[in-house]
Amino acid sequence: MQLIRVSSYEELSRKAADIISAQVILKPGCVLGLATGSTPVGTYRQLIERFRRGDLDFSRVTAFNLDEYLGISPEHPQSYHAFMQEQLFRHINICPRRCHVPEGCAEDPRAFARAYDQAIAEHGGIDLQLLGIGNNGHIGFNEPSGVFYKGTHVVDLTDSTIDANKRFFANREDVPKQAITLGTSGIMHAKKVILLAFGKGKAEAVRAMVTGEIDPKCPASILQLHDDVTLLLDKEAAALL
Ligand code: PGA
């Protein structure tokens, strides 16, 4: 794992955007794996600015998002569909039919999951996967459990994830209890991975990911087996390394 230490959120966002920009410039028809959460918001802002300046062209890019809450429609303001539209897609020239986010309202989520993995494979896999990390060590919504789930799958969210995400909802009870997420195989098959972690709340998860056992109790620890992972960490997130 390559580690890049940054001194501010601004620097984290700029460096992450530098790596994504390089990918899009080198391979204009690339496949990006994208993430939601608060951490990548600054990165998306940087990408939008670079697009507006004429430095980036997303017209041939395909995007596959990591996850979506189950039972929530794309129009719901807290859906990850809405998040991606608001934070990135509607501000750049990416083609809407090339923006893929798992369907939270799919009639048969398991069939949808298989089709999602198939669609990624048909596009030649993910060139660059952007990740955050949960304070419980999750990547996407691969929650701590007894096994690494390979493919896209439906998952029960843990109490710690529900607690972490309740800030986006009026009440804790409104946070969906299940989600659909790309599995560890989808993430591990990405040619390159960048993971962003900011703040002391992430320090223990970062420690377990980098120096702990490879264990599904910290799903991010599987990244130790990936050949091309870059971690962008501020001082607090890196404090236990
Ligand atoms: P955050 O979420 O960026 O909002 O901290 C990260 C994650 O849960 O993967």
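1. Helices, taken here as DSSP runs of H or I with at least four residues, are numbered from the N terminus. On that basis A164 belongs to helix α5, residues 159-165. The model under review is a predicted one. A164 has a relative accessible area of 23%, and it is therefore classed as partly exposed, the category between buried, under 20%, and exposed, over 50%. Its C-alpha atom is separated by 23 Å from that of A16, a residue 148 positions away along the chain.

2. Overall architecture. The chain contains 7 helices and 10 strands. Its radius of gyration, 17 Å, is close to the 18 Å given by the globule rule for 241 residues, so the chain is as compact as a globular protein of that length. The C-alpha trace spans about 45 × 45 × 35 Å along its principal axes.

3. Burial, surface and contacts. Of the 241 residues, 54% count as buried. The accessible surface amounts to about 10900 Å², and carbon and sulfur atoms contribute 51% of that area. Among contacts between residues at least 6 apart in sequence, 78% join residues that are at least 24 apart.

4. Helix α1. This helix covers residues 9-26, 18 residues in total. From first C-alpha to last it reaches 26 Å, close to the 26 Å expected at 1.5 Å a residue. Its buried residues are E11, L12, S13, A16, A17, I19, I20, S21, Q23 and V24. The cover over these buried residues includes the strands β1 (2-6), β2 (31-34), β6, β9 and β10, together with helix α2 (41-52).

5. Helix α4, buried side. With 14 residues, α4 reaches 20 Å between its terminal C-alpha atoms, close to the 20 Å expected at 1.5 Å a residue. P109, F112, A113, Y116, A119 and I120 are buried in this helix. Viewed down the axis of α4, the buried residues fall within an arc of 125 degrees, so they line one face of the helix. A general property of helices is relevant here: an α-helix has 3.6 residues a turn, so residues three or four places apart point the same way. The buried residues of α4 pack against four strands, namely β3 (62-65), β5 (99-100), β7 (153-156) and β8 (178-181).

6. Helix α4, outer side and exit. R110, R114, A121 and E122 are exposed residues on the face of α4 turned away from its buried side. Just after the helix, G124 adopts a positive phi of about 90 degrees.

7. The position of D127. Where does D127 lie? D127 is placed in the loop between α4 and β6. Its relative accessible area is 5%, which means that D127 is buried. Leaving aside residues up to four places away in sequence, D127 touches Q23, K27, C30, V31, K191 and K192. One of these, Q23, is 104 residues from D127 in sequence, yet the two C-alpha atoms are 8.1 Å apart.

8. The bridge between K191 and D127. K191 and D127 form a salt bridge in which the closest N and O atoms are 3.4 Å apart. K191 lies in the loop between α6 (184-188) and β9 (192-197), and D127 in the loop between α4 (109-122) and β6 (128-131), so the pair ties together parts that are 64 residues apart in sequence. The partners differ in accessibility: K191 is partly exposed at 45%, whereas D127 is buried at 5%.

9. The bridge between K192 and D228. The side chains of K192 and D228 also meet in a salt bridge, at 3.0 Å from N to O. Here too distant parts of the chain are linked, since K192 is in strand β9 and D228, 36 residues away, is in the loop between α7 (203-211) and β10 (229-234). Both partners are partly exposed, K192 with a relative accessibility of 21% and D228 with 29%.

10. Remaining salt bridges. How many salt bridges does the model contain? The count comes to 12. Among them is the pair D55 and R53, whose side chains meet at 3.1 Å, N to O. D55 counts as partly exposed at 45% relative accessibility, while R53 is exposed at 54%. In addition, D159, D163, K166 and R172 are joined in a network of salt bridges.

Key
Residues numbered from 1 in each chain as written. Predicted model: local features only at pLDDT ≥ 70, side-chain atom pairs only at ≥ 80, totals over all residues. Heavy atoms only, no water. Salt bridge = Lys/Arg side-chain N within 4 Å of Asp/Glu carboxyl O. Buried < 20%, exposed > 50% of the residue type's maximum accessible area, 1.4 Å probe, protein only. Helix = DSSP H or I, 4+ residues; strand = E, 2+ residues; numbered from the N terminus. Expected span 1.5 Å × (residues − 1). Arc of directions from axis to C-beta. Contact = heavy atoms within 4.5 Å. Rg over C-alpha atoms; globule rule 2.2 N^0.38 Å. Areas by Shrake-Rupley, 256 points an atom, 1.4 Å probe, with all protein chains shown as cover.
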